[in-house]
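Thank you all for coming. I would like to take a few minutes to go through one model with you, beginning at the ligand and then moving outward to the strands.

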Amino acid sequence: MDKIAVWGFRWAPSFAQGLVRDLRVRWALHEAGLPYETRLIGVEERTSAAHRERHPFGMVPVFEADGRQLIESGAIVYAVAKRSAALMPEDEAGRDQTLAWMFAALNTVDVPVQDLFDIDVLHSQETWAQLRRPHVVKAVEARLGELAGALGERDYLLGRFTAADILMVTVLRFIRHTDLVEALPTLAAYVSRCEARPAFRDALSEQMAEYALNTPAAA
Ligand SMILES: N[C@@H](CCC(=O)N[C@@H](CS)C(=O)NCC(=O)O)C(=O)O
């Protein structure tokens with residue numbers, strides 16, 4: 001992969017800092033040892049014609065490598081992982097398992113996690129949110145219990161670190177405002193283990209440094 005660029009937001013409010021999904025792309029690139037440039041846009045630019053051309057839903061991240069652009073953080077992390085043994089085993093069975101757990105992160109764990117994030121962080125004052133919260137907490141607890149069971153005593157989802165861990169951990173970070181992960185010691189240790197990786201720390205500190213540099217005067 002040559003000339004890699006990642007689109008993210010120039011700045012994000014504190015509740016979103018460290019969650020914006022270009023983080024998972026940056027993390028994958030650091031793990032793979034692939035240098036990249038960032039292209040930062042203002043939140044207001046996401047609906048501009050220029051950005052819509054890059055991303056039909058007006059979101060970040062967008063990824064560009066070798067002159068080709070890609071949307072969807074899961075697909076982007078997969079595209080990087082396909083090219084790096086650091087992110088995915090080279091045998092077919094290992095690749096299939098990595099992809100399965102990438103889908104599990106984004107399609108099975110993320111759904112209740114995002115429900116809870118919406119309730120607690122985006123809509124906490126709404127009556128519907130307060131009414132719905134107990135049901136969603138139960139759904140998240142059940143899913144996290146199952147995830148902890150599947151992880152068992154392994155260090156990473158597939159034993160060795162893969163792209164699936166990048167997606168799972170960046171999904172779980174969306175409920176960092178709760179103690180639901182901490183309630184499951186093996187899962188909490190897994191998240192800490194992944195977040196202690198130099199590639200994660202580099203990716204996060206780069207994203208945070210850009211936000212710090214671009215903090216609006218009124219924030
Ligand atoms: N499924 C998409 C979701 C991307 C997404 O939700 N991006 C957020 C930032 S983390 C965004 O751009 N939000 C702006 C908006 O929804 O208008 C992916 O994983 O790339």
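**The ligand and its surroundings**

Let me start with Arg 21, where an N or O atom of the side chain is 3.1 Å from an oxygen atom of the ligand; please keep in mind throughout that this is a predicted model. A second arginine, Arg 46, places a polar side-chain atom 2.6 Å from an oxygen atom of the ligand, while Glu 72 has a polar side-chain atom 2.7 Å from a nitrogen atom of the ligand. On its own the ligand has 510 Å² of accessible area, and the protein covers 74% of that.

Where does the ligand sit? The answer is the largest pocket, and the residues around the ligand there are Phe 9, Val 20, Arg 21, Arg 46, Gly 58, Met 59, Val 60, Pro 61, Glu 72 and Ser 73. If we sort this shell by class, we find five nonpolar residues, two polar ones and three charged ones.

Two members of that shell, Val 60 and Pro 61, deserve a second look for their backbone, since the peptide bond that leads from Val 60 to Pro 61 is cis, with an omega near 5°. Pro 61 itself belongs to the loop that lies between helix H2, residues 49-54, and strand S3.

**The strands**

That brings us to S3, which covers residues 62-65 and pairs with S4, residues 68-71, in the antiparallel sense over four bridges. Within this pairing, Glu 64 stands opposite Gln 69 in S4. The hairpin that S3 and S4 form has two residues between the strands, and one residue of the loop between S3 and S4 is Asp 66. What is the phi of Asp 66? It is near 50°, which is a positive value in a residue other than glycine.

S3 also has a partner in S1, residues 4-9, and these two strands run antiparallel, joined by three bridges. Here Val 6 stands opposite Phe 63 in S3.

To draw the two parts together, S3 pairs with S4 and is joined to S1 as well, and the loop between H2 and S3 holds Pro 61, a residue that is also among those surrounding the ligand.

Terms used: Residues numbered from 1 in each chain as written. Predicted model: local features only at pLDDT ≥ 70, side-chain atom pairs only at ≥ 80, totals over all residues. Heavy atoms only, no water. Near = heavy atom within 4 Å. Polar contact = N/O pair within 3.5 Å; in protein donor to acceptor, adjacent residues only side chain to side chain. Areas by Shrake-Rupley, 256 points an atom, 1.4 Å probe, with all protein chains shown as cover. 1 Å grid on protein atoms, 1.4 Å probe; cavity = no way out; pocket = protein on both sides within 12 Å on 5 of 7 lines; lining within 4 Å. Sits in = over half its atoms within 2 Å of the grid points. Nonpolar A, V, L, I, M, F, W, Y, C, P; charged D, E, K, R; others polar. Pairing = 2+ DSSP bridges.
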